Amino acid sequence: MRVIVTRPQAQADALVAELRAAAVDAVVLPLIDIAPVADEQPLREAWRRLDTFALLMFVSANAVQHFMRLQPDSAPWPAQLMVASPGPGTSDALRKAGVAPARLVEPDGKVFDSEALWQQLRTHDWQGRHVLVVRGDGGRDWLAEQLRGCGATVDFVAAYRRC
């Protein structure tokens, strides 16, 4: 059996290497590419306002990579800032980027999506709190709707685009 991995090249290469190491015939056929956004100003503004957020939610490892690459030297990570991740790949990228494990909120179980993440976030008081969702150009708003329903203000910033 041959496995065709359609993830973006950088992610596909690592997965194909793992599959091949397990004696699986795997090949890379990326169906999309991940690139920086054309206008990085909103990302730079998010870094300037980092201390105004109660939570940063990253939708993917790509969001982490493209957000963190613009971190100014003069922008330390606020100690009280909570950071949310929908799954292990994103959590891994956040830890590698220097996010303290104690500040990281992630699903607790075998399901990794916004609904599972919400189970960890829903017990917090979101009234009047400000949340930033770091994502690609577009995406699902389900988690933002839950946070808004609990009184949070939710903003989005595109950190990458799909090509």
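When two helix axes cross at an angle of 65 to 115 degrees, we call the helices roughly perpendicular, and an angle under 35 degrees counts as roughly parallel. Keep those two cut-offs in mind as we walk through this structure, which is a predicted model.

Let's start with helix 2, residues 41-48. Its axis and the axis of helix 3 come within 10 Å and cross at roughly 80 degrees. That puts the crossing in the 65 to 115 band, so helix 2 and helix 3 are roughly perpendicular to each other. To see where they touch, look for Leu43, Ala46 and Trp47 on helix 2, which meet His66, Phe67 and Met68 on helix 3. This contact is made of 5 nonpolar residues and 1 polar one, with no charged residues.

Now stay on helix 3 and turn to helix 4. Here the axes come within 8 Å, and they cross at roughly 25 degrees. With the cut-off at 35 degrees, helix 3 and helix 4 are therefore roughly parallel to each other. From helix 3, Ala61, Val64 and Met68 take part, and they meet Gly89, Thr90, Ala93 and Leu94 of helix 4. Sorted by class, that contact has 5 nonpolar and 2 polar residues, and again no charged ones. Met68 is worth a second look: it meets helix 2 and also helix 4.

Next, the sheet. It's an open one, built from 6 strands in the order 3-8-7-4-5-6, with mixed pairing. Strand 3 (34-36) and strand 6 (104-105) sit at the edges, each pairing on one side only. Further in, strand 7 and strand 8 run in the parallel sense and pair over 7 bridges. If you want a spot to find by eye, Gly136 stands opposite Tyr160 in strand 8.

Finally, there's the largest pocket, with a volume of about 1000 Å³. Its lining takes in 42 residues, and Arg7, Gln11, Ser60, Ala61 and Asn62 lie nearest its centre. You've already met Ala61, in the contact of helix 3 with helix 4. Several elements each supply at least two lining residues, including helix 3 (61-68), helix 4 (88-96), strand 7 (130-136) and strand 8 (153-162). As for the classes, the lining has 20 nonpolar, 12 polar and 10 charged residues.

Conventions:
Residues are numbered from 1 along each chain as its sequence is written. This is a predicted model: local features need pLDDT of at least 70, side-chain atom pairs count only at pLDDT 80 or more; totals for chains, interfaces and linings use all residues. Side-chain values use heavy atoms; hydrogens and water are left out. On a 1 Å grid over the protein atoms alone, a cavity is a set of points where a 1.4 Å probe fits but cannot get out, and a pocket is an open set with protein on both sides within 12 Å along at least five of seven lines; lining residues have an atom within 4 Å of a point. Grid points are joined across faces, edges and corners, and a volume is the space filled by probe spheres set on the points. Helices (H or I, at least four residues) and strands (E, at least two) are DSSP runs, numbered from the N terminus. Ala, Val, Leu, Ile, Met, Phe, Trp, Tyr, Cys and Pro count as nonpolar, Asp, Glu, Lys and Arg as charged, and the others, Gly among them, as polar. Axes are lines fitted to C-alpha atoms, for helices over the stretch in contact, and angles run from 0 to 180 degrees between N-to-C directions. Angles under 35 degrees count as roughly parallel, over 145 as roughly antiparallel, 65 to 115 as roughly perpendicular and the rest as oblique. Contact means heavy atoms within 4.5 Å. Two strands pair if DSSP finds at least two bridges between them.
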